[in-house]
Amino acid sequence: MEIAMTDKLRIGFAGVGLMGHGMAKNIVEAGYPLTVLAHRNREPVEDLKGRGATEAQSPEDLAAGSDVIFLCLPGSPEVEAAVSAMLAGDISGKTIVDCSTANPVSTRALAERAQAAGGHFVDAPLSRTPKEAWEGMLDVMIGAEAADFERVRPIIEAFAGKIVHVGGIGAGHTMKLLNNFVSLGYAAIYSEALAIGAKNGVDAATFHSVIGGGRMDCGFYQTFMNYVVGGDPNAHKFTLRNAHKDMRYVVSLANESGIASHISSPVKNGLATAEATGHGDGYLPTLADIVARLNGIEPGRG
């Protein structure tokens, strides 16, 4: 009975960018009535409207016409603005699901405001890439009360291959930052290792022939090296600007927790340098090129 009721929920979606477009596509194709927030990039909006979605012109209108509202926005400032706009209306009984990578301190504060207004709040950040978003195979880590988790899980199953309830409100965003800290730390290590190798007669292809297929290989390594060695510019569609933002959140969370940031701060600083030198729109594997050039090395593919 609960599943049948959940299937009729009206879904709102704000943020139909690289990840959100595929997520929203899978939601509407699963049969949910979907409304998307107007977006300056018309292509995904028009595509979703062609699949049966409708369009709202403001966060207030989006919330008014939805039972569950998904957010997939660049970061906490954008999430705070969207939620504040929604809270200006009546969100009693409605559930906000934030799939952005956000600061857990902000998340918990927003959840308190939503609950005070009679609403519910779930943090459900994502792992993997736009390819998996389109295929409905994202990994989702969820911070929520048990009842809220069960309410949104059938909807999330439309775009997820793996769902883990990691704890209460804020735990999803905390786990996402830890996940990104590990991956971005690896990106920093790969980039520096490749630069050291290049200075000492070991090129990227040779490096890859040793690490690839060994104990230090992993899916993240493969997408990173698909650019470094394979030359695929779209191997890992995650910008250095977003990576820098996430590491700022990690360092902020470490500071809030009283944890010395001996590793996270240098990783953040390397990404800050990449963005400050005009490379913020580049995808993450280009960090290897940036580190190489900062060390007087001209990177080569293969």
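Here a biologist asks about a predicted model and a modeller answers.

Biologist: What kind of model is this, and how are residues numbered?
Modeller: This is a predicted model, in which local features need pLDDT of at least 70, side-chain atom pairs count only at pLDDT 80 or more, and totals for chains, interfaces and linings use all residues. Side-chain values use heavy atoms, with hydrogens and water left out, and residues are numbered from 1 along each chain as its sequence is written.

Biologist: Which residues point each way from strand β5, and are they buried or exposed?
Modeller: Strands (E, at least two residues) and helices (H or I, at least four) are DSSP runs, numbered from the N terminus. In a regular strand the side chains alternate between the two faces of the sheet. In β5 (residues 95-98), Thr-95 and Val-97 point one way, and Ile-96 and Asp-98 point the other way. Buried means under 20% relative accessible area, exposed over 50%, partly exposed in between (1.4 Å probe, protein chains only), and these β5 residues are all buried.

Biologist: Which residue of β6 is the bridge partner of Thr-95?
Modeller: Two strands pair if DSSP finds at least two bridges between them. Strands β5 and β6 (residues 120-123) run parallel and are joined by four bridges. In β6, the partner of Thr-95 is His-120.

Biologist: Which helix does the chain cross through from β5 to β6?
Modeller: This β-α-β crossover is right-handed. That term means that, with the strands pointing away from the viewer, the path from the first strand over the helix to the second runs clockwise. Residues 104-116 make up the helix, α6.

Biologist: Which residue in β5 stands opposite Val-68?
Modeller: Strand β4 (residues 68-71) runs parallel to β5, with four bridges between them. β4 and β5 also belong to a right-handed β-α-β unit with helix α5 (residues 76-87). Opposite Val-68 in β5 stands Thr-95.

Biologist: Which residue of β4 is the bridge partner of Gly-12?
Modeller: β1 and β4 pair in the parallel sense, over four bridges. Both faces of β4 are covered, with Val-68 and Phe-70 buried on one side and Ile-69 and Leu-71 buried on the other. One of these residues stands opposite Ile-96 in β5. The partner of Gly-12 is Ile-69.

Biologist: Which element gives the largest share of the largest nonpolar core?
Modeller: A nonpolar core is a set of buried Ala, Val, Leu, Ile, Met, Phe, Trp, Tyr and Cys residues joined through side-chain atoms within 4.5 Å. The largest one has 36 residues, and Phe-13, Met-23 and Phe-70 are among those with the most contacts inside it. Elements that give two or more residues to this core include β1 (11-14), α2 (18-29) and β4. The largest share is five residues, and it comes from α2.

Biologist: About how much accessible area does the nonpolar patch of Val-164, Val-166, Met-175 and Leu-178 have together?
Modeller: Patches are made of residues with over 30% relative accessible area and no salt bridge; like charges are joined within 9 Å, and nonpolar side chains (Val, Leu, Ile, Met, Phe, Trp, Tyr) within 5 Å. Val-166 lies in β9, and Val-166 counts as partly exposed because its relative accessibility is 32%. Accessible areas come from the Shrake-Rupley method with a 1.4 Å probe, and for residues only the protein chains shown count as cover. Together the four patch residues have about 280 Å².

Biologist: What is the phi of Arg-128?
Modeller: Most residues other than glycine have a negative phi. Arg-128 sits in the loop between β7 (126-127) and α7 (130-135). Arg-128 is not a glycine, although its phi is positive, at about 95°.

Biologist: Why are Glu-135 and Lys-131 separated by about one helical turn, and how far apart are N and O in their salt bridge?
Modeller: The two residues are four residues apart in helix α7, so about one helical turn separates them. A salt bridge is a side-chain nitrogen of Lys or Arg within 4 Å of a carboxyl oxygen of Asp or Glu. Glu-135 is partly exposed at 44%, while Lys-131 is exposed at 53%. From N to O, their salt bridge spans 2.9 Å.
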